[in-house]
Amino acid sequence: MGYNKQYIKKALDEILQKGNNAKKIYESRKAEILDKEPRLKEIEQQFMQLGGLLGITALSGNSERLEALQTKFNALVKEQERLKAKVELKDYEPFCSVCSDTGYVGSSLCKCVLKRAKELSFAGLSASMPIAESGFENFNLDYYNGENKTAMEKIFEFAKEYAKNINKNSKSLLFFGQTGLGKTHLSLAIASAALEKGLGVVYSPIQNLIQKLEKEHFSYNSDTPILDDVLECDLLILDDLGTEFSTAYSQATIYNIINSRILTSKPTIISTNLDVEEIALKYNNRVASRLIGSYDIKKFCGSDVRQQKKIQEFKRGRNND
Ligand SMILES: [Zn+2]
């Protein structure tokens, strides 16, 4: 799995900072409690003295004395436990029990750092994701009429159900239809549900993504963290397929992405103005046949919602004059 070093550093900083802050809060709370229960403080001091004594006595071979000290030690442990329970003082618990929030296990980075670095990396790639405005709750079916409305109601219910059950092996979807019919809106509503479930989501308009991948591909670096993210993320959303500038590179890359994710059973949601025949013409039959064979294809119908909204706002403005 490829990692962008910048995100590793950021993740590590974040985890150390979070751990330090929590530790500080814990220590100050503990100090307050110890002030109220000074016997606990005494016990801690006695433990330190006893620890030293036990070591020396064990070396001296005086077994009678050693036994006496151990009895004392055990009694102190019990007393401490009882007092801690009484004042409700728990031991400090780090966020990550594997690395105790140090970020490292031996000389290797802990899994918690790598996981966070991936999240940051996905979010970086998805920087243009306008997720806040695009929930299921603000998808308005009033903009569709007649047969179109019936068809869109079905798609809406399907998308909600899909989002509810989304997982790392959900089926891939192809949303096609004219501009402004809510394809991106529903893709983002699904993305939002996936993020809430803790899945790693990458969203990008196809043109931006191809530009980034192309830059990475033709740089002198053998690492390809962006391509790795695109292939490995739990849910990939490619917006506006067909609007990218078509080159041999873009054609090969789009096929590679679609095909690789099918082979690893990872869900991809593609939105496009093209129908499958146009996709076959623009790309090739291989791309079209992969989509037909493995994707759930949904046709969006109606008339441009964005345009309808603009007209309504315009009319409202005139009525207010
Ligand atoms: Zn860790």
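Two strands count as paired if DSSP finds at least two bridges between them. The legends below describe a predicted model.

**Figure 1. Strand 5 and strand 6 pair in parallel.** Four bridges join strand 5 to strand 6. Within this pairing, L238 stands opposite I270 of strand 6. Strand 5 covers residues 235-241 and strand 6 covers residues 268-272.

**Figure 2. Five strands form an open sheet with parallel pairing.** The strand order is 4-5-6-3-7. Strand 4 and strand 7 (295-299) each have a single partner strand and stand at the edges, so one side of each has no neighbour in the sheet. Direction ignored, neighbouring strands of this sheet are turned by 10 degrees against each other on average. Strands of a sheet pair through backbone hydrogen bonds, in either a parallel or an antiparallel manner.

**Figure 3. Helix 6 lies across four strands: strand 3, strand 4, strand 5 and strand 6.** The helix runs at about 170 degrees to strand 5. Its buried residues pack against strand 3 (172-176), strand 4 (201-205), strand 5 and strand 6. Helix 5 (146-164) is also among the elements that these buried residues pack against.

**Figure 4. Helix 6 is mostly covered.** Helix 6 comprises residues 183-196. From its first C-alpha to its last, the helix reaches 20 Å, close to the 20 Å expected for its 14 residues at 1.5 Å a residue. Twelve of the 14 residues are buried. A residue is classed as buried if 20 or more other C-beta atoms lie within 10 Å of its own. The buried residues include K183, T184, H185 and L186. Also buried are S187, L188, A189, I190 and A191, as well as A193, A194 and L195.

**Figure 5. G198 follows just after helix 6.** This glycine takes a positive phi of about 85 degrees.

**Figure 6. The elements shown above belong to a protein chain with twelve helices and seven strands.** The radius of gyration of the chain is 30 Å, well over the 20 Å that the globule rule gives for 321 residues, so the chain is more spread out than a compact globule. Along its principal axes, the C-alpha trace spans about 90 × 55 × 35 Å. Buried residues make up 27% of the 321 residues. Of the contacts with a separation of 6 or more, 80% are between residues 24 or more positions apart.

Notes:
Residues are numbered from 1 along each chain as its sequence is written. This is a predicted model: local features need pLDDT of at least 70, side-chain atom pairs count only at pLDDT 80 or more; totals for chains, interfaces and linings use all residues. Helices (H or I, at least four residues) and strands (E, at least two) are DSSP runs, numbered from the N terminus. The expected span of a helix is 1.5 Å times one less than its number of residues. Two residues are in contact if their C-beta atoms, placed from the backbone, lie within 7 Å. The radius of gyration is taken over C-alpha atoms; the globule rule is 2.2 Å times the number of residues to the power 0.38. Axes are lines fitted to C-alpha atoms, for helices over the stretch in contact, and angles run from 0 to 180 degrees between N-to-C directions.
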